[in-house]
Amino acid sequence: MQKPKPTIGIYVPRLLFLPYQPDERFLDELVRTIEHSGRYRPLLLDLPKLRLASPGNARKFVEEYNLVAFIQHDSELYHKNARYAANVKLIENYVPFLNSTECQELGCDKIATNALLRQKNIPILDATVAYSLQDVEHRIREGEWCVIKPHDRGAGAGVRLIKKQRGKFFGYYDGRWRNIEITENVSSDKARTLRITYTFNLKTPFRFFKKLITDFTYSPMLIEPYFNDHENGFSSLRCTVVGDEVVEAVKRTNHKNITSNVSSGGRASKIELTKSQKEAAVAATRAIGAHYAGVDFLVRGNEWIIGEVNIGPITVFSEYTGVNVGEIFGKYVINKCDELNLKIKDSP
């Protein structure tokens with residue numbers, strides 16, 4: 001039986017497309033570019049639903065489809081779905097993943113990522129980690145604004161702007177400062193969690209749903225100094241990096257909340273990064289071993305630092321930039337597969 005054309009597996013959960021259609025166009029253009037290359041066949045595969053019980057099963061699966069690489073455009077699900085994680089690790093013994101499991105795990109750990117970027121002399125904030133309420137009290141000084149976030153979540157989840165005033169904590173939400181309470185819980189196995197709870201008037205409309213959005217549990221809590229130009233709205237710069245190139249960049253602004261993500265109410269507009277910002281974005285992407293990433297910058301006056309490195313899923317901004325990121329990434333993947341095939345042929 002003749003082998004199928006060398007195949008590039010692709011996993012992009014359709015659920016990612018619900019709030020943001022450019023992500024679907026990204027996938028369509030990625031598939032089209034690989035297909036039109038004439039050298040490789042794109043194959044959409046639902047990684048969580050595969051039933052691979054052993055390395056032998058995985059090898060047979062790879063050989064059956066003649067897989068040469070796998071594009072994995074999801075990281076949140078990887079940590080929540082045991083079968084997905086197991087399948088990825090089995091398949092990765094035989095074909096490379098873009099981005100790799102090691103890269104996914106590092107990128108989903110903000111503490112480890114920050115430490116690595118600092119080691120590489122890439123400009124980032126001087127963040128600290130709070131494991132207890134006492135840590136929080138010691139870290140946040142009177143009158144200081146800080147941004148808190150979980151160490152292992154993306155898409156703006158749990159990102160809050162808080163301050164301490166007259167010994168009490170306040171959190172910024174929906175255009176105003178509100179009373180908050182930070183509490184500590186110690187479980188039976190002595191694991192500590194910190195929870196932030198917003199205080200809303202009992203008569204506030206949709207109070208229950210607002211608390212679902214604002215209240216959050218951290219284990220542990222990452223605390224960063226506030227770094228922004230809030231007079232013009234809370235903003236950040238986001239660029240998409242593919243390989244060694246920044247392919248698009250936007251400025252995102254939210255006038256009511258610290259999270260500037262478009263999915264959280266932020267508005268985006270096309271910008272051009274400086275040469276030094278582009279170099280820093282590529283260096284950060286290389287540092288964590290990613291083939292593609294969404295790199296965030298925070299800006300204050302003429303100063304800037306890298307806020308986060310997002311490695312998948314990343315949001316593309318083609319509707320603002322006009323850049324066909326799916327096509328660019330598709331060509332990059334094809335070139336990587338060409339290199340891989342040459343290495344295999346040249347190996348003894």
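The following points concern a sheet, the helices packed on it and one pocket in a predicted model.

1. The sheet is open and is built from 8 strands, arranged in the order β5-β12-β6-β7-β8-β9-β10-β11 with antiparallel pairing. Strands β5 (128–130) and β11 (216–218) occupy the edges; each has a single partner strand, so one side of each lacks a neighbour in the sheet. On average, and with direction ignored, neighbouring strands of this sheet are turned by 35° against each other.

2. Strand β6 (residues 145–150) and strand β12 (residues 221–225) run antiparallel and are joined by 5 bridges. Within this pairing, isoleucine 148 has isoleucine 223 of β12 as its bridge partner.

3. Helix α6 (residues 110–119) packs on the sheet, where it touches β5, β6 and β12. The direction of α6 makes about 45° with that of β12.

4. A further helix, α8 (residues 207–214), lies across β7 (160–165), β8 (168–173), β10 (192–198) and β11. Relative to β10, helix α8 runs at about 140°.

5. The second largest pocket holds about 310 Å³ of space. Its lining comprises 18 residues, and those nearest the centre are Gly156, Val159, Arg160, Ile213 and Thr259. Two or more lining residues come from each of β7, β8 and α8, with α8 giving the largest share, 3 residues.

6. As to chemical character, the lining of the second largest pocket consists of 10 nonpolar, 7 polar and 1 charged residues. Helix α8 thus appears twice in this note: across the strands β7, β8, β10 and β11, and in the lining of the second largest pocket.

Notes. Residues numbered from 1 in each chain as written. Predicted model: local features only at pLDDT ≥ 70, side-chain atom pairs only at ≥ 80, totals over all residues. Heavy atoms only, no water. Pairing = 2+ DSSP bridges. Helix = DSSP H or I, 4+ residues; strand = E, 2+ residues; numbered from the N terminus. Axes fitted to C-alpha atoms, helices over the stretch in contact; angles between N-to-C directions. Contact = heavy atoms within 4.5 Å. 1 Å grid on protein atoms, 1.4 Å probe; cavity = no way out; pocket = protein on both sides within 12 Å on 5 of 7 lines; lining within 4 Å. Points joined across faces, edges and corners; volume = space filled by probe spheres on them. Nonpolar A, V, L, I, M, F, W, Y, C, P; charged D, E, K, R; others polar.
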